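Got your viewer ready? Load the model and follow along, from the whole chain down to one residue.

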Amino acid sequence: MALSVPLLIPLVGLFAFFHFVIRPAVLSPLAKIPSAHWSTPISSLWILSARKRGIENQLLHDAHKKLGPVVRTGPCQLSVDGADALKIVYQGGFEKDPWYSVFDNYGVPCMFSARSAKDHSARKRMMANVYSKSYLQSSQAAKDQAKIILYQRLLPLLKESTLPQYKPNGIDVYSTFLGATMDFISAYIFGISTSTNFIQNKGYRGHWLELYSARHGHLFWSQELPSLTGFFKGLGVWLYPRWVDYANDELAAWNLDLCNKAEKYLSKEAAMNTEADEPVVLRSLNAGVDKETAANGTGSILYSTVIQQRRLSVASEVFDHILAGQETAGIALTYLSWEMSQRPELQEQLRAELLTLKPNFLMKDASLPDPKHLDALPLLHAIVMETLRLHAPIPGPQARQTPYPQCIIDGYEIPGGVRIAAAAHTLHLDERVFPKPLEWDPKRWIQAEATEEEWKARHRQFWAFGSGGRMCIGSNFALNEMKNIVAAIYTNFTSHIVDDDGIEQVGGYSGGPVSGKLILRFQEVNA
């Protein structure tokens with residue numbers, strides 16, 4: 001006998017209440033895990049709101065301090081903290097969450113957005129060698145590119161800013177450093193002749209950064225709620241400003257243009273004039289595709305993407321490198337110079353250390369020291385490391401999915417398919433590992449200042465580049481680039497704060513200054 005409508009309505013209501021409230025809040029295996037907010041067992045609105053407002057990192061830090069290393073942030077979402085959880089999740093090969101699909105440039109995955117470990121590993125093999133420390137330190141192309149960028153562009157720009165007509169106003173180092181890091185990474189990928197010159201071309205740099213800000217600042221809807229975003233797009237309604245799509249299109253076309261120009265060198269349509277013209281990453285990537293095609297052909301895990309869509313796959317890969325490479329190192333250099341500008345004595349100590357290099361970075365000599373000697377300077381290394389700890393450029397959660405059928409973390413049995421993430425922000429503010437964590441103290445990274453146990457614990461929980469097989473492939477490049485830039489600047493100049501209003505970091509996935517600027521004044525040091 002058919003149920004009457006009056007009887008059916010309460011039954012549907014009871015079923016919905018059971019499915020959406022009782023089941024996730026009481027019967028789910030995640031019900032035993034402490035919740036960051038009363039609503040998280042039944043709704044993702046709390047964490048989505050935090051992400052939209054850019055306050056997720058601080059809320060997660062507060063939750064972990066109160067509730068422990070495993071916290072429930074949604075019906076099927078967890079946040080984890082601590083070295084033990086990192087080992088299980090990130091060194092244990094948990095697959096990436098669909099959240100990363102927004103980084104599929106040109107509709108094709110890149111290494112960063114590839115979800116499976118096998119896919120990622122196959123892509124990484126094609127270019128990992130040119131990002132290794134040994135390769136970077138021996139690369140003549142990398143050395144020549146650095147020399148051009150430092151001595152023909154960056155240092156002259158800073159010297160010009162010391163002239164009487166410019167000196168009182170200072171210089172926006174956030175924009176400048178983003179320009180410098182773009183020049184470094186684009187030169188290594190495409191060769192110096194094809195790369196950007198954002199340091200000197202301030203007008204186009206500003207235009208490009210506006211485009212990137214549009215792309216980067218409006219990822220929430222397509223990244224967190226892709227189905228809803230797609231549904232409304234189908235109705236002709238955009239949940240974000242329509243011009244964001246135009247900005248993305250222009251950036252994508254810009255990257256393809258750089259790829260096309262650099263490919264001419266590889267096809268010998270244009271002759272290389274110097275070692276600096278070598279498109280190191282692009283050459284390695286193309287050679288990797290050739291090798292994968294010859295070795296595996298149609299049986300390759302990358303056949304439908306890298307092999308069949310070679311041009312767009314290569315462009316997608318280098319696009320990810322160039323966007324991530326310029327932003328992260330640029331943010332770190334901004335906060336490093338801000339911290340150093342508050343400490344004149346530390347600037348003197350660093351300069352004394354830098355002058356022990358032979359050759360050193362004095363402008364009148366225009367030389368580069370041995371990269372191994374530069375890398376071995378303890379104070380410079382400590383300053384860079386402490387900046388990356390307290391001001392991690394990517395402080396936000398790195399989402400993964402738990403494997404089936406289940407895993408165990410901190411004693412909790414967690415079913416497969418749960419979105420799980422750790423964040424550098426919470427890891428780097430752990431008082432047990434980093435006493436007085438909100439203080440910028442480079443001595444933490446001077447080995448003589450720590451016990452062996454403290455030293456090991458700090459390195460286990462340092463997470464500016466992630467960890468495991470999927471940690472940042474460009475970590476060695478970033479450290480080498482930052483050390484070159486910092487050494488070149490503080491060998492020749494002192495820095496002083498003019499305007500640091502809004503220097504607080506954005507509390508999202510990446511963490512640049514809230515104001516989008518930092519104004520410093522530079523003063524040349526007489527050798």
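How many helices and strands does the secondary structure of the protein come to? Colour by secondary structure: there are 21 helices and ten strands, where helices (H or I, at least four residues) and strands (E, at least two) are DSSP runs numbered from the N terminus. The radius of gyration, taken over C-alpha atoms, is 25 Å, close to the 24 Å that the globule rule gives for 527 residues, so the protein is as compact as a globular protein of that length. That rule is 2.2 Å times the number of residues to the power 0.38.

A quick caveat: this is a predicted model, with local features needing pLDDT of at least 70 and side-chain atom pairs counting only at pLDDT 80 or more, while totals for chains, interfaces and linings use all residues. Residues are numbered from 1 along each chain as its sequence is written, and side-chain values use heavy atoms, with hydrogens and water left out.

Now select the C-alpha atoms: they fill a box of roughly 95 × 55 × 45 Å along the principal axes. Shade by accessibility next, and 51% of the 527 residues count as buried (under 20% relative accessible area, with exposed over 50% and partly exposed in between; 1.4 Å probe, protein chains only).

Last stop: select Cys472, which UniProt lists for "binding site" in an unreviewed entry; such annotations may be inferred rather than shown by experiment. Cys472 sits in the loop between helix H20 (452–461) and helix H21 (475–492). Is Cys472 buried or exposed? Neither quite: at 37% relative accessibility, Cys472 counts as partly exposed.
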